[in-house]
There are 2 protein chains.
Amino acid sequence: MDLQQLRYVVEVADTSSFTKAAARCFVTQSALSHQIAALEREIGTRLFVRSSRAVRLSEAGSAFLGHARAALRAAEQAKEDAAAADGIVTGTLRIGVIPTLTAIDLPAVLVAYRDAHPDVRVELRVGNSDDLMAQLRLGSLDVALLGLRHDLKPVGVATRALSTDRLVAVLPRWHELAGSGTISLRDLAGLTFADFPASTSGRLQSDTAFASASIERDVAFEADSASMILGLVAAGLAVTLLAPGTVARSGADVVTAELRDGPVRVELLAWDVDAPRNVAKAFLSVVAAAGPGEVSAAS
Amino acid sequence: MDLQQLRYVVEVADTSSFTKAAARCFVTQSALSHQIAALEREIGTRLFVRSSRAVRLSEAGSAFLGHARAALRAAEQAKEDAAAADGIVTGTLRIGVIPTLTAIDLPAVLVAYRDAHPDVRVELRVGNSDDLMAQLRLGSLDVALLGLRHDLKPVGVATRALSTDRLVAVLPRWHELAGSGTISLRDLAGLTFADFPASTSGRLQSDTAFASASIERDVAFEADSASMILGLVAAGLAVTLLAPGTVARSGADVVTAELRDGPVRVELLAWDVDAPRNVAKAFLSVVAAAGPGEVSAAS
DNA sequence: CGCGTACATGAGTCCAACGCATAGTTGTCA
DNA sequence: TGACAACTATGCGTTGGACTCATGTACGCG
């Protein structure tokens with residue numbers, strides 16, 4: 001048995017394909033077939049059921065997989081902790097980040113991080129807050145930078161609040177409400193809206209605010225990126241609610257109006273509280289040094 | 001990184017010697033040196049501090065070692081569980097046994113076990129009950145067959161009582177008490193005793209019995225094997241207390257006398273309740289099928 | 001029934017782990 | 001103090017096994 005063989009098994013299980021797994025491992029399909037076959041010979045059982053169109057784990061394979069992952073994790077952890085004993089942080093840090101993040105300057109943070117820990121490889125994954133939270137809980141992300149309604153406390157993870165902002169109304173330049181100072185949600189009643197797709201956490205922020213003010217609104221346009229939504233607003237097709245920082249950084253040709261009863265959104269740094277890896281702990285320190293924020297225990 | 005390298009690290013850590021570790025791994029010392037050096041190069045840290053006369057773990061090595069063991073254990077477990085999914089028990093069963101065991105016929109049990117699970121390698125280690133318990137708790141034994149005073153409940157392990165016996169007095173053939181039927185401890189006062197070494201659990205059985213009967217006795221001979229003690233008795237140098245089965249199986253030229261107030265000794269099967277491995281569970285079944293006994297939960 | 005896709009298998013290549021020999025270091029003893 | 005013993009490090013040649021390439025086989029699909 002060999003760690004390499006365990007990696008192969010995990011990849012095949014994850015991709016349900018020898019060919020795809022081989023590509024991910026940067027070897028040919030035949031090399032991977034050979035190794036899996038050798039492993040199966042050694043343990044005396046088929047780990048995968050091959051059916052020419054798909055590959056799936058056998059019962060024995062299912063029993064094997066968990067331990068294989070554990071072995072690989074332990075080996076990785078061994079390496080990281082040994083280096084950590086010498087004060088060196090190594091490994092791969094997997095960061096999830098929402099595209100609209102404004103609370104911190106992530107590139108600047110990464111400069112500081114890389115400066116302090118040059119041996120760490122960084123994987124950045126952009127996604128929406130819901131997906132990132134799910135990946136964090138699954139352990140496929142180490143830390144995540146995301147945005148939530150201020151009254152939602154994520155469960156199963158520890159968090160540090162990075163910023164708290166009240167959303168602003170975003171209007172076309174020539175809109176009648178432009179320049180009328182602070183307004184309220186009710187002033188927007190009857191207008192056409194662009195917003196994030198239904199039942200995403202980005203959308204939920206606005207939906208909840210309008211619902212609790214008992215205002216029906218017409219979301220005629222849905223898009224999954226803030227810049228797309230801002231484009232729609234600039235074109236005069238709709239209005240929307242967004243964090244002021246998001247609008248400012250986009251450079252979109254729109255105007256904003258403060259909302260006295262707009263929803264409050266918190267951007268926060270979240271991490272797995274159960275198994276914080278060295279790379280993640282180091283990232284937390286760098287963020288803590290870079291900006292303010294308030295730590296909150298996992299719930 | 002490679003599982004083989006992890007095995008090397010563990011062995012070197014356990015033996016504090018490259019040479020001894022190499023011998024245990026059935027490779028030359030140079031092969032092991034090469035591999036450790038390669039691993040240290042990969043993780044960028046020295047795992048061992050070499051001081052020409054002794055090898056000890058560095059701080060990084062200590063951090064590494066635990067994870068290395070975990071990785072090896074997980075890999076082993078992966079193999080065993082995969083086979084178990086096909087109803088096959090594999091791996092190595094480590095049994096500890098006291099030399100005086102009489103409650104079960106261990107060879108017969110092993111015949112049945114080997115018959116049911118031919119793929120299991122069996123390691124037998126003979127030792128005294130105290131050492132076996134310690135090894136069991138450390139996880140370096142899977143099951144142990146040992147003897148204890150009936151009123152001592154071992155902690156941290158689950159047990160199954162196999163037999164309960166009252167010790168008998170063992171006397172030279174020509175002794176005046178020979179043939180006098182059931183006697184009491186007090187009849188033995190003033191005689192010269194042979195027994196197990198002080199503060200072993202074997203010795204404790206008799207010591208406690210005499211102490212609670214307020215009888216001083218003279219243990220002039222100490223030996224760590226029952227056959228040696230019986231030899232001393234047969235030679236007329238001393239008397240002793242032993243389990244009747246031990247005496248019967250030894251074939252020693254001695255006579256026994258039942259003791260109405262002799263200490264009661266329990267032989268039992270003990271196993272680690274936290275992580276019972278497949279091989280151990282299978283052994284428990286075989287013992288359960290072979291003989292009677294009463295299971296007791298861990299305390 | 002040919003075509004495409006995917007896994008298995010045989011043959012050949014090449015690297016890396018191994019063994020051998022030896023050097024270097026340190027503690028021990030006459 | 002010098003010879004020795006015990007131990008690890010290292011250079012070098014050898015070989016087993018992991019890999020690639022080429023091909024075989026099985027299956028679904030139009």
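Biologist: In this predicted model, is strand β5 (residues 143-149) of chain A largely enclosed or not, and why?

Modeller: A residue counts as buried if 20 or more other C-beta atoms lie within 10 Å of its own. Here, six of the seven residues of β5(A) are buried, so the strand is largely enclosed by the rest of the structure.

Biologist: OK, which strands pair with β5(A)?

Modeller: Strand β3 (residues 91-97) of chain A pairs with β5(A) in the parallel sense, over three bridges. Strand β12 (residues 264-272) of chain A runs antiparallel to β5(A), and seven bridges join the two. Take V143(A) in β5(A): I95(A) stands opposite V143(A), and so does W271(A) of β12(A).

Biologist: Now helices. How do I read a packed pair?

Modeller: Two packed helices are described by the angle between their axes and the distance between the axes. Try helix α5 (residues 106-116) and helix α10 (residues 278-290), both of chain B: they pack at about 130 degrees, with axes 10 Å apart. That angle makes α5(B) oblique to α10(B). The crossing is right-handed.

Biologist: Which residues meet there?

Modeller: From α5(B), V109(B), A112(B), Y113(B) and A116(B). Their partners in α10(B) are A282(B), F283(B), V286(B), V287(B) and A290(B).

Biologist: And what rotation relates the two chains?

Modeller: Turn chain B by 180 degrees, with 0.2 Å of shift along the axis, and it superposes on chain A with an RMSD of 0.3 Å. That's the relation of a two-fold axis. In chain B, A71(B) has the C-alpha nearest the axis, 2.0 Å from it. Also, 100% of the interface residues of chain B are interface residues in chain A too, so the copies meet through the same surface.

How values were computed:
Residues are numbered from 1 along each chain as its sequence is written. Chains are lettered from A and ligands numbered from 1 in the order in which they are written. This is a predicted model: local features need pLDDT of at least 70, side-chain atom pairs count only at pLDDT 80 or more; totals for chains, interfaces and linings use all residues. Copies are superposed by least squares on the C-alpha atoms of residues with pLDDT of at least 70 in both. Two residues are in contact if their C-beta atoms, placed from the backbone, lie within 7 Å. A residue is buried if 20 or more other C-beta atoms lie within 10 Å of its own, exposed if 12 or fewer, and partly exposed in between; C-beta atoms are placed from the backbone. Helices (H or I, at least four residues) and strands (E, at least two) are DSSP runs, numbered from the N terminus. Two strands pair if DSSP finds at least two bridges between them. Axes are lines fitted to C-alpha atoms, for helices over the stretch in contact, and angles run from 0 to 180 degrees between N-to-C directions. Angles under 35 degrees count as roughly parallel, over 145 as roughly antiparallel, 65 to 115 as roughly perpendicular and the rest as oblique. A crossing is left-handed if the near helix is turned anticlockwise from the far one by less than a right angle, and right-handed if clockwise.
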